[in-house]
Amino acid sequence: MFDLLGLSAQHETVYRAMLQCPDLNIAGLSDHLGVSPGEVAAALDVLADLALVRLDPLGDHARPVRPQAGLMALLTKVEAEVAVRQRQVEATKAAIAAIATAHDDYQQVAEGRLLAGVDNVRDRLAELAHTARAECLSFSSGGAQSPDTLEAEAPLDQQALQRGVQIRNVYQDSFRNDPGTLAHARWLAGLGGQSRTTPTLPMRMVIVDREVALVPIDPANPRQGALELHSRGIVAGLIALFEEVWQAATPFGEQAAADEQGLSRQERELLRLLAAGHTDESAARKLAISLRSVQRMMTSLTERLGAASRFQAGVQAASHGWV
């Protein structure tokens with residue numbers, strides 16, 4: 001009944017028994033419920049982490065916290081998380097509606113157009129690089145870019161920078177492990193371009209002169225092509241998204257410091273993705289790292305939490321404020 005609060009059926013059974021018989025110790029609860037003392041002790045550890053019981057450090061007793069206080073505190077936290085999620089859902093609905101409106105009008109060049117296939121997108125990007133006057137902003141998500149792609153972009157970037165165009169790129173943190181991307185970012189910085197990284201990006205995106213934006217038809221499959229958007233409202237929204245991500249991202253040449261819990265940005269983002277229901281495989285795709293890297297990171301986090309299982313690690317991560 002209380003799995004939404006992080007309680008399994010066994011945890012709930014132990015908690016209810018303690019409310020009914022508050023004087024029972026671990027052995028007494030074991031006899032009362034017909035389970036082993038070890039199972040009772042493990043349940044008490046979880047209940048203590050959730051602030052539903054208070055353990056006696058000098059003995060084997062524990063005192064239950066009144067449900068009006070303990071359970072309601074947990075429920076309040078869940079409600080706050082649901083409210084945040086609902087706001088994210090509403091924002092996503094608005095973004096979907098904006099993209100859908102642009103897609104419906106793609107034949108009207110004044111608003112935008114459809115660029116079918118990766119070749120059409122590359123050709124259009126080359127045209128925009130030649131005509132850009134002031135600024136080019138971009139998100140580069142997914143895996144590391146191929147040497148051919150970087151080689152093709154280099155002369156276009158160089159020509160734009162020499163004309164005084166400001167170039168700002170955001171890559172994923174995983175790109176820091178790719179020698180080709182690192183070399184390209186250093187070369188670009190030498191010409192005046194700027195690059196930063198963040199754990200995940202919502203999609204690939206290019207914005208030129210704050211007038212034209214290219215976004216994928218399907219963020220999960222950029223090879224399908226892109227929507228070229230000219231609508232002022234949509235482009236302004238995408239610029240706001242870029243600036244928000246840019247401010248939180250870490251410049252190339254700097255290492256992002258661990259947070260107050262000692263977590264790297266990638267570790268915290270992995271915990272957030274898993275808590276949101278992603279599998280190891282989908283989290284790896286979001287972070288643009290290998291499945292083995294995700295599993296290695298989770299093993300490290302589980303050990304740092306002193307947890308015996310990933311479920312227990314999830315509960316303890318939540319209680320520690322890691323997610």
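Select Ser-282 first: at 14% relative accessibility, this residue counts as buried, because the cut-off for that class is under 20% relative accessible area. Ser-282 is placed in helix α10, which spans residues 280–287. Now show the side chain of His-278 as well; the side chains of Ser-282 and His-278 make a polar contact at 3.1 Å. The model on the screen is a predicted one.

Step back along the chain to helix α9, residues 265–275. Colour its buried residues, which are Gln-266, Glu-267, Glu-269, Leu-270, Leu-271, Leu-273 and Leu-274. Then select Gly-277, just after α9, where phi is positive at about 105°.

**The whole protein**

Zoom out to view the full chain. The protein has 323 residues, and 40% of them are buried. Its secondary structure consists of twelve helices and ten strands. The exposed area of the protein is about 17,400 Å², with carbon and sulfur atoms supplying 54% of it. Of the contacts between residues at least 6 apart in sequence, 68% join residues at least 24 apart.

**The largest nonpolar core**

In soluble globular proteins, nonpolar side chains tend to be buried together. In the largest nonpolar core of this model there are 20 residues, and the ones to select are Met-18, Leu-44, Leu-47 and Leu-52, which touch the most other members. Next, colour helices α1 (9–20), α2 (26–33), α3 (37–49) and α4 (67–104), since each of these supplies at least two residues of the core. Which helix gives the largest share of this core? That helix is α3, with five residues.

Centre the view on Leu-52 and display its surroundings. Leaving aside residues up to four places away in sequence, Leu-52 touches Leu-7, Tyr-15, Leu-47, Arg-63, Pro-64, Val-65, Gly-70, Leu-71 and Leu-74. Another core, of 19 residues, lies apart from the largest one; among its members are Leu-137, Val-170, Leu-227 and Leu-229.

**Strand β4 and its partners**

Leu-137 leads to the next stop. Select strand β4, residues 135–140. How many of the six residues of β4 are buried? Six of the six are buried, and the strand is mostly covered. In a regular strand the side chains alternate between the two faces of the sheet. To see both faces of β4, colour Glu-135, Leu-137 and Phe-139 on one side, and Cys-136, Ser-138 and Ser-140 on the other; both sides are covered.

Add strand β5, residues 166–172, which pairs with β4 in the parallel sense over six bridges. Here Ser-138 has Asn-169 of β5 as its bridge partner. Then add strand β7, residues 205–208, which runs antiparallel to β4 and is joined to it by four bridges. Cys-136 has Val-208 of β7 as its bridge partner.

**Last stop: Glu-135**

Finish with Glu-135, which lies in β4. Is this residue buried or exposed? Glu-135 counts as buried because its relative accessibility is 8%, and the cut-off is under 20%. Show the side chain of Arg-168 to find the polar contact that it makes with the side chain of Glu-135, at 3.3 Å. Apart from residues up to four places away in sequence, Glu-135 touches Val-165, Gln-166, Arg-168, Ile-207, Val-208, Asp-209 and Arg-210.

Note on methods. Residues are numbered from 1 along each chain as its sequence is written. This is a predicted model: local features need pLDDT of at least 70, side-chain atom pairs count only at pLDDT 80 or more; totals for chains, interfaces and linings use all residues. Side-chain values use heavy atoms; hydrogens and water are left out. Buried means under 20% relative accessible area, exposed over 50%, partly exposed in between (1.4 Å probe, protein chains only). Contact means heavy atoms within 4.5 Å. Accessible areas come from the Shrake-Rupley method with a 1.4 Å probe; for residues, only the protein chains shown count as cover. A nonpolar core is a set of buried Ala, Val, Leu, Ile, Met, Phe, Trp, Tyr and Cys residues joined through side-chain atoms within 4.5 Å. A polar contact is a pair of N or O atoms within 3.5 Å; within protein, one must be able to donate a hydrogen and the other to accept it, and residues adjacent in sequence count only if both atoms are side-chain atoms. Two strands pair if DSSP finds at least two bridges between them.
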